[in-house]
Every structure is written in C-alpha cells, then in structure tokens.
Amino acid sequence: MEHYLDNAATTKVCDEAAQAALAAMTENYGNPSSTHTRGRQANRLLESARKQVCSALGCTPGELVFTSCGSESDNWAILGGAEAMKRKGKHVISSAVEHDAVRRSLDELENRGFDVTRLPPDEKGGIGVDSVLSALRDDTILVSLMLVNNETGAVTDISSIAKAVKKANPAALVHTDAVQGFLKVPFSAKTLGADMISISGHKIHAPKGIGALYIRNGLKLKPFIVGGSQENGRRAGTEAMPQIAAFGAACEIARAGMAENIARMEALRTRALEQLSRDIPELVLIGGGAPHILSISLPGWRSEVLMNYLEAQGVYVSRSSACKKGGRSHVLEAMGLSSRVIDGAIRIGLSRFTTVEDIDALCSALKEAHDTLAHR
C-alpha cells in the first residue's frame, strides 16, 4: 500500500479539479479570446475560475493574473517590481531561506546592479519584523519574503512585516511567495497587506502548470510575457483553460473545508512527532509552524538511505525541496544547523488526503529503518 507524504512537493489532483479540467478540454474547449459562441463560453469559464481563486485569496478579479506556476509569479513580482521602482532606489530585502525561484531572481537583480540584502533566519527558520526593519533603508524599494518555508514549514509574519515596512518606507513594495501557505494557513490579500502575492495550483490539489500573481490595484508592472492582450494585457499567451478551470475548482473545495483541513493536518503532524520522538530519542525537530510540513532529522544517518528504506515500505517523503534534485539544503545551512543534522534531514508533507494510517506507516517504517541501520 502506498503512503504518499511528499505533499509539500506536489499534491494529488482532487476529483473536482480533474473533472473541471476534463470538461474544459472536451466540452468547453473554445479560445477565451474568440468572439464566437465557443469563445464566449470559454471566457465565461475563465472569469468564473478567476472569481473562485479570488474568493480563496480575498482579492478582486482585477488584481489576479494567471501564470504558469509559482516560479513565474515569483520571477515576475521580483524582477518586475524592482524594475518598476528603480528610479526610487536599488535596494532589495529578502532572506537566505527563500525558494530558488526567488533566490535566482535576486541573483538576476544583482547582475542588473541592484543591491540585495539576504536576511538570516531565526532559530525556527522564519524572518522577524525587527530583522527587516534593521535592514530597511531610504533606498529600499522591494521586500520579498516567503510566507511559509517550503522545507521547514516555518511561518513568517508577513502581515506585521508589511505594516512595519509601509510605515517606515511607504514607497517600498512588499512581495510574498505564498505558494506553501495558500489555503494551508489562514490569510487573505487584505490581511497580509502585501503588494504582490505568488500562489500555485499543484500545492492545493490542482494540476501542475498553473499559478497566479496577485497585484495590488494601482500597482503597474510591465508584462512578463508580451504578445497578445490576454489577462488585460498583463500576460500574453492563450490561457491554459483546463488548468485554470481545475485551479478554480480546487480553490473552491479547499476554501470550503479549510478550517477542518488545517485542524486535521495539525493533529496528524502532532501524532507523527509524538510517535517519532518516543521511538527515536535522538530525533531533531527542524523549524515548524505550518500544519502540513514536518521537518525532522536523524543526525548521523543519511537522508537518502532513510528515504530509500521508507520507499521500500511504500512511504514517500523527501529530503528538502523537490527543486533541489539532491543538492544540499541552503535553508538548513542558513539556519546554522550542523552537517550531521542537515545530512539526516527529511521533510514530511501532509495534505487533506493524509490519513492516520499514512502517519502510522511512516512512524513504523522510520523506526524500523533507524533500528535496522543502527545495528549495521
């Protein structure tokens, strides 16, 4: 039996999203830009899905642009935001624990002559308000910080940071990569107070290949992709209607059951941590805060060996971000953890489909791996 616990990497597409995608491909398959009946039907589907996503995010339809993924949204927000504000300064604040989509965008900004400050995380892996304010300068034009860390589950208080930044430097833009936090921790565009918010579909049981960027009303960004006039001229290219329809359906389902899903994942996370801490005394908890991510380490063991052992038992976890493809975690290094802890780290990702049986299978298999490998 399979026990999939790598939901921070990607999630299983829910039935509602799959059905919405199928209908968009086989029934309502027109181009939303076409002016005939099929095109108008597709356009209505596009705007209906947009409203579903906006309802989950807490914004107006005019503030949401569909993208191909969270990485595109991050790239556009950071590169476009910095370019839009460069006449007022060239200083950008971020952190040392961001997703590579943000890190590589920051590298590109440095290549273009911008000055980037990468803040170190606190002991839990988050970024504090005081740390941001200490780095803030008169020429700071953009602050980009992740809401929920994709490797540790650490939660950064974006709402308080945005308020503090806007008070100290009203001109500075605030962007947050909320891909791991969307519909996993309670927030809305209004409560966050960010100017730009990146989200993605495949973390909430929609297909891969669809994301969105919230752009606050009044903020003008140059199109990231030029060509046609889709998305009100902000992102060219024929809309990926199957993915968009699925994204809308997934948002509607997740929003309706959000409180229950969060409570359930928190309970399962606690169950796993309690069992593993009892059975493996040397286990180290890394970071934490979000209900769906549990990052732990067995110092002295190799995470690859542990993962292979678990996979043989039908249990799937990961060692860090799936985007790293085996590289050592820059997040755990930035937290100042020892090499023994980093090399023995694994990430457990929960979803609303995770069961007690999945958690118990994980705990049993990890204990068995620990006990077996300890005697070799």
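**Exercises: cysteines, a lysine and a pocket**

The count of disulfides (pairs of cysteine sulfur atoms within 2.5 Å) comes to 0. This is a predicted model, where local features need pLDDT of at least 70 and side-chain atom pairs count only at pLDDT 80 or more, while totals for chains, interfaces and linings use all residues. Residues are numbered from 1 along each chain as its sequence is written, and side-chain values use heavy atoms, with hydrogens and water left out.

**Exercise 1.** Explain why cysteine 14 has no bond to the closest cysteine sulfur.

*Solution.* Start with the distance: the closest cysteine sulfur, in cysteine 251, lies 9.8 Å from that of cysteine 14, which is too far for a bond. Next, cysteine 59 is in no disulfide either, with the sulfur of cysteine 54 the nearest at 3.7 Å. Finally, check burial (under 20% relative accessible area): cysteine 14 is buried at 1%, and cysteine 59 is buried at 13%.

**Exercise 2.** Work out whether lysine 124 is buried or exposed, and find its contacts.

*Solution.* With a relative accessibility of 53%, lysine 124 is exposed (over 50%, using a 1.4 Å probe and protein chains only). Now look around it: leaving out residues up to four places away in sequence, lysine 124 touches Thr152, Ala154, Gly287, Gly288 and Met335 (heavy atoms within 4.5 Å). Lastly, try glycine 289: it is 165 residues from lysine 124 in sequence, yet their C-alpha atoms are 8.4 Å apart.
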